[in-house]
Amino acid sequence: MLSNYSSRLLVGNILLLIVVAATAFYGGSKFAAPGHVSVNSLARRSLTEAYTYESYDTMLVFGDSITQYGNSIDRGGYVARLANYYQRQMDVINRGFAGYNSSGALEIANTVLPKTSILSTGRLFNMVRSSSSSLLWPTRTENFPGNARKLQLCILFFGANDALVSSKDNSNTLDNYYKSMHSLVAMLQDSDSAHYSPDTRILIITPPPVGELMLSEPKLTNNRTSKYVEVAKKVATEVNVPYIDLFSKFQALVKKDQARDNSNNKYDGYDKYFIDGVHPNAAGNSVIFDLIMSTINSTWPEIAPSAPKS
């Protein structure tokens, strides 16, 4: 049973919807007294203000556990550093899902990527039924902020879980990885997509190498991972977006360290950059962050952050 207050609130919201609909249909301005603002214009202004709220543009980082843990301050997470670097200039949104490969990412991408049409998300109804204090925020059923102005950059960082020797659903094949990565990009580039965003910049990051001697179980190998790296680079080239070859960069750093200090090779030098052979530590996250910023500065200087604001 609804309380008297809840009942009155429900009835009030229903009446408000009826008034807004009626005045919109009949051109509510003619019901306004001279010198007064019509109900229709007020409703229209409320809707407009809710969706033109002066929020920041966004950067979306969509990946697996390397991205999810990228928010860790203890690990010097690369996503946390991006958010800090872009504070008051761009909102950095972490959508990392531990254990997900590219096929799994494709299954949930429609709840992660913003939709082009406001009406398609059902936010219009949610906005009217919500209290005024929550109009500017997304509903619990949506992952992407409803008040975000524009997705300036989408970073796709999958492949580490695709390269696992086995998967429960047998989706870890090179062909599936190739198709899934293509499909993820197409969701933003295809004009028929509900998520079509032609101005959004896309950056693909390859899976990193593996510290094989650090692994408790040999589920990943550099020989196998390197094949997925080539697929990621192939997809990026075919869809004409830049990529970061994280695999080659880390291997080059490890080899350089090995040449400089042969006495510290218990884990072939991978322990300098990885916690467990897969997930980066502070030094590894620093490498990822620097590579992303270098790519932004050289490829898209127009979205490079300006000097930090006080």
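This passage describes salt bridges in a predicted model.

In the predicted structure, seven salt bridges are present, among them contacts that involve E230, K233 and D245, three residues that are linked in a network of salt bridges. Within this network, the side chains of E230 and K233 meet at a nitrogen-to-oxygen distance of 3.3 Å. Both residues belong to helix 8, which spans residues 222–238, and because they are three residues apart there, about one helical turn separates them. The two partners are unlike in their accessibility, since E230 is partly exposed, with a relative accessible area of 46%, whereas K233 is buried, with a relative accessible area of 16%.

K233 also takes part in a salt bridge with D245, the distance from N to O being 3.3 Å. This second pair links distant parts of the chain, as K233 is in helix 8 while D245 is found in the loop between strand 5 (243–244) and helix 9 (246–260), 12 residues apart. D245 is buried, its relative accessible area being 16%.

A further salt bridge is formed by the side chains of K272 and D257, with 3.5 Å between N and O. Here K272 lies in the loop between helix 9 and helix 10 (282–299), whereas D257 is part of helix 9, so the pair ties together parts of the chain that are 15 residues apart in sequence. With a relative accessible area of 41%, K272 is partly exposed, while D257, at 12% relative accessibility, counts as buried because this value falls under 20%.

Technical notes
Residues are numbered from 1 along each chain as its sequence is written. This is a predicted model: local features need pLDDT of at least 70, side-chain atom pairs count only at pLDDT 80 or more; totals for chains, interfaces and linings use all residues. Side-chain values use heavy atoms; hydrogens and water are left out. A salt bridge is a side-chain nitrogen of Lys or Arg within 4 Å of a carboxyl oxygen of Asp or Glu. Helices (H or I, at least four residues) and strands (E, at least two) are DSSP runs, numbered from the N terminus. Buried means under 20% relative accessible area, exposed over 50%, partly exposed in between (1.4 Å probe, protein chains only).
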